[in-house]
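Subject: Structure handover

Hello,

The structure I promised is below. My notes on it follow.

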Amino acid sequence: MTEVAQLFSSFQGLNELLAVYNDLDLLITAFKNKTQLDCLKGCRECCNTPAYHIEASVLEMLPLSIHIWQSGEGEYWLQKLSETRPEEPCVLYISSPSVKSEGGCSQYGWRPLLCRLFGFSAIMHKHGKPVVALCKEAKKINPHLEGKIQGLIDGGLKVPINSHFAERVSFLNPFYGQKLYPINEAFRLALEVVGYRLTLISDIQSDSGNTPPKGPSLGKIA
Ligand code: SF4
């Protein structure tokens with residue numbers, strides 16, 4: 001087992017979190033294909049909001065944090081987060097359209113649950129009926145879209161339910177998975193937790209005469 005795989009396994013529920021993301025991505029792909037719904041080209045509006053509007057758990061930010069420390073950028077991001085005010089957007093958001101990035105996210109593949117669900121999911125109505133939650137930009141461009149997609153859902157089209165996925169993820173790790181923070185705060189906490197754990201692993205390896213971990217590639221895990 002690689003050191004990074006060991007690090008993943010050392011956090012309860014982290015490998016399972018990637019499996020949940022995989023399930024969700026498959027479901028969203030099928031939903032998008034069926035509805036022809038997609039993000040508007042070049043739109044970055046969902047991330048262009050104060051970070052306290054977007055919540056994540058520490059667990060959800062752990063995969064990215066492991067990747068960041070492995071890339072040698074842990075100190076850089078901790079410093080950046082310490083200089084960011086709460087009303088500023090997520091630190092991973094790239095506002096400039098000239099910088100190429102999927103949806104304006106500099107770490108798209110590592111984004112947390114809410115960022116994956118946004119615009120392609122439904123909330124559960126109190127009467128037990130899924131109600132599609134589209135982003136306001138998509139509704140502005142096509143006012144009939146919501147009704148059309150809701151009709152498909154009423155007819156049996158599968159749609160990710162926000163609360164179902166949130167519950168699944170929160171139960172993966174009772175300590176790091178249950179409490180939600182503004183995304184920048186969750187990222188900072190996750191970076192600290194991973195940095196601390198890497199230091200411990202490094203100390204143990206040094207004491208036993210082994211070379212401390214250098215941060216192997218996460219490619220096989222992500
Ligand atoms: S993690 Fe990425 S997708 Fe989520 S708010 Fe930040 S920039 Fe946007």
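A definition is needed before the ligand shell: Ala, Val, Leu, Ile, Met, Phe, Trp, Tyr, Cys and Pro count as nonpolar, Asp, Glu, Lys and Arg as charged, and the others, Gly among them, as polar. On that basis the residues of the shell around the ligand divide into eight nonpolar, one polar and one charged. The residues that surround the ligand are Cys47, Ile54, Cys90, Leu92, Tyr93, Gly103, Cys105, Arg111, Cys115 and Ile183. Please keep in mind that this is a predicted model.

Overall layout

The protein chain has nine helices and four strands. In sequence order they follow the pattern α-α-β-α-α-α-β-β-α-α-α-β-α. The C-alpha trace spans about 65 × 35 × 30 Å along its principal axes. The radius of gyration is 19 Å, which agrees with the value near 17 Å for a compact globule of 222 residues. Of the 222 residues, 31% count as buried. Among contacts in the protein chain with a separation of 6 or more, 76% come from residues 24 or more positions apart.

Cores

In soluble globular proteins, nonpolar side chains tend to be buried together. The largest nonpolar core here has 39 residues, and the members that touch the most others are Val58, Met61, Leu62, Ala186 and Ala190. Two or more residues of this core come from each of helix H1 (3-10), helix H2 (14-35), helix H3 (58-70), helix H5 (113-117), helix H8 (162-170) and helix H9 (183-207). A second, separate core has eight residues, among them Phe31, Phe120, Ile149 and Val159.

As for Ala190 in the largest core, leaving aside residues up to four places away in sequence, Ala190 touches Val58, Met61, Leu62 and Ser65.

Ile149, from the second core, lies in helix H7 (residues 145-154). Which residues does Ile149 touch, not counting those up to four places away in sequence? They are Thr35, Leu37 and Val132. Ile149 is buried because 21 other C-beta atoms lie within 10 Å, and the cut-off for buried is 20 or more. Leu40 is 109 residues from Ile149 in sequence, and their C-alpha atoms are 17 Å apart in space.

The hairpin

Strand E2 (residues 121-124) and E3 run antiparallel and are joined by four bridges. Two of the bridge pairs can be named: Met124 has Pro130 as its partner in E3, and Ala122 has Val132. The two strands form a hairpin with five residues between them, and Gly128 in the turn has a positive phi of about 85°.

Side chains alternate along strand E3 (residues 130-133). Pro130 and Val132 point to one face and are buried, whereas Val131 and Ala133 point to the other and are not. Val132 is thus described twice over: as the bridge partner of Ala122 and as a residue that Ile149 touches.

Individual residues

Gln36 is found in the loop between H2 and strand E1 (55-57). Most residues other than glycine have a negative phi, and most peptide bonds are trans. Gln36 is not a glycine, yet has a positive phi of about 65°. Is Gln36 buried or exposed? Gln36 is exposed, because 9 other C-beta atoms lie within 10 Å and the cut-off for exposed is 12 or fewer.

Leu78 is found in helix H4 (residues 74-82). With 15 C-beta neighbours inside 10 Å, Leu78 counts as partly exposed. Leu78 touches Arg188 and Leu191, not counting residues up to four places away in sequence. Leu78 and Arg188 are 110 residues apart along the chain, and 6.4 Å separates their C-alpha atoms.

Ser206 has its place in helix H9. Ser206 is exposed, since there are 11 other C-beta atoms within 10 Å. Ser206 and Gln178 are 28 residues apart in sequence, and the distance between their C-alpha atoms is 34 Å.

Regards

Notes: Residues are numbered from 1 along each chain as its sequence is written. This is a predicted model: local features need pLDDT of at least 70, side-chain atom pairs count only at pLDDT 80 or more; totals for chains, interfaces and linings use all residues. A nonpolar core is a set of buried Ala, Val, Leu, Ile, Met, Phe, Trp, Tyr and Cys residues joined through C-beta atoms within 7 Å. Two residues are in contact if their C-beta atoms, placed from the backbone, lie within 7 Å. A residue is near a molecule or strand if its C-beta atom, placed from the backbone, lies within 6 Å of it. The radius of gyration is taken over C-alpha atoms; the globule rule is 2.2 Å times the number of residues to the power 0.38. Two strands pair if DSSP finds at least two bridges between them.
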